[in-house]
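I opened a fresh page for this one and kept my notes short. Here is what I looked up, in the order I went through it.

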Amino acid sequence: MRFVLAILLTALLGYILGLFLPWWAIAVAAFIVALVWQQRPGKAFLSGFLAIFLLWGALALVADIRNDHILGNRMSELIAGSKMPTVLVAASALIGGLVAGMGALSASVLRPAPKKAA
């Protein structure tokens, strides 16, 4: 349950910060959530990664669908040489997920590991 809450809070905070701050604010959002919600480093990375991967993937997909894939087709043709707008959506989501995952991992490494009950 804590894992799912960390994903939801990271996505929500990442979206809100993304409205007012530069793109790298997602790392700050993931860092803050991972600092508040104590998790092991692997789970912290995964929760930050999944939250922003899904958020940026959804936002990029909605933006691409709204303009009938015009920009996605042109950019993918310019970069890759063929029309594949979904690859650009996946690449955006992957980059965002990695940045947020590293932010969450950094916060979880700064905190001491949670102690197991005996």
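**Entry 1: A11.** I began with A11, which is buried at a relative accessible area of 18%. The cut-off for buried is under 20%, so A11 falls on the buried side of it. I placed A11 in helix α1. I should jot down here that I am working with a predicted model.

Which residues does A11 touch, once those up to four places away in sequence are set aside? I found A51, I52 and L55. I also checked A11 against G48: the two are 37 residues apart in sequence, and their C-alpha atoms are 8.2 Å apart in space.

**Entry 2: the whole chain.** I stepped back to see the layout. The protein chain has five helices and zero strands, and along the sequence I read the pattern as α-α-α-α-α. Along the principal axes, the C-alpha atoms fill a box of roughly 60 × 25 × 25 Å.

I looked at burial next: of the 118 residues, 31% count as buried. The protein chain exposes about 7400 Å², and carbon and sulfur atoms supply 74% of that area. For contacts with a separation of 6 or more, I noted that 77% come from residues 24 or more positions apart.

**Entry 3: the core.** Which residues make up the largest nonpolar core? I listed nine: I26, A30, A34, A44, I52, L55, A100, A104 and A107. Helices α2 (25-36), α3 and α5 (85-110) each supply at least two residues of this core. Two names were already on my page, since I had written down I52 and L55 as residues that A11 touches.

I then followed A44, one of the core residues. Beyond its neighbours within four places in sequence, A44 is in contact with A34, Q39, A104 and S108. A34 and A104 are on the core list too.

**Entry 4: S47.** Is S47 buried or exposed? S47 has 4% relative accessibility and therefore counts as buried. I found S47 in helix α3 (residues 41-66).

What does the side chain of S47 reach? One partner is the backbone oxygen of A44, at 3.0 Å. Another is the side chain of Q39, with a polar contact at 3.3 Å. Leaving out its neighbours within four places in sequence, I have S47 in contact with F3, A6, I7 and Q39. Q39 also turned up in my notes as a contact of A44.

**Entry 5: the surface patch.** Moving outward, I looked for nonpolar surface. A patch of about 720 Å² is made by L12, Y15, I16, L19, F20, L21 and L59. Which helix gives the most to this patch? I noted helix α1 (residues 2-20), with five residues.

I picked I16 from the patch for a closer look. I16 is found in helix α1 and is partly exposed, with a relative accessible area of 38%. My class for I16 follows from the cut-offs, because partly exposed runs between 20% and 50%.

**Entry 6: D68.** My last stop was D68, in the loop between α3 and α4 (70-79). D68 has a relative accessible area of 58%. Exposed means over 50%, so D68 goes down as exposed.

I used G48 as a reference point once more. D68 and G48 are 20 residues apart along the chain, and 30 Å separates their C-alpha atoms. Beside that I copied my earlier value for A11 and G48, 8.2 Å from C-alpha to C-alpha.

Note on methods. Residues are numbered from 1 along each chain as its sequence is written. This is a predicted model: local features need pLDDT of at least 70, side-chain atom pairs count only at pLDDT 80 or more; totals for chains, interfaces and linings use all residues. Side-chain values use heavy atoms; hydrogens and water are left out. Patches are made of residues with over 30% relative accessible area and no salt bridge: like charges are joined within 9 Å, nonpolar side chains (Val, Leu, Ile, Met, Phe, Trp, Tyr) within 5 Å. Accessible areas come from the Shrake-Rupley method with a 1.4 Å probe; for residues, only the protein chains shown count as cover. A salt bridge is a side-chain nitrogen of Lys or Arg within 4 Å of a carboxyl oxygen of Asp or Glu. Helices (H or I, at least four residues) and strands (E, at least two) are DSSP runs, numbered from the N terminus. Buried means under 20% relative accessible area, exposed over 50%, partly exposed in between (1.4 Å probe, protein chains only). A polar contact is a pair of N or O atoms within 3.5 Å; within protein, one must be able to donate a hydrogen and the other to accept it, and residues adjacent in sequence count only if both atoms are side-chain atoms. Contact means heavy atoms within 4.5 Å. A nonpolar core is a set of buried Ala, Val, Leu, Ile, Met, Phe, Trp, Tyr and Cys residues joined through side-chain atoms within 4.5 Å.
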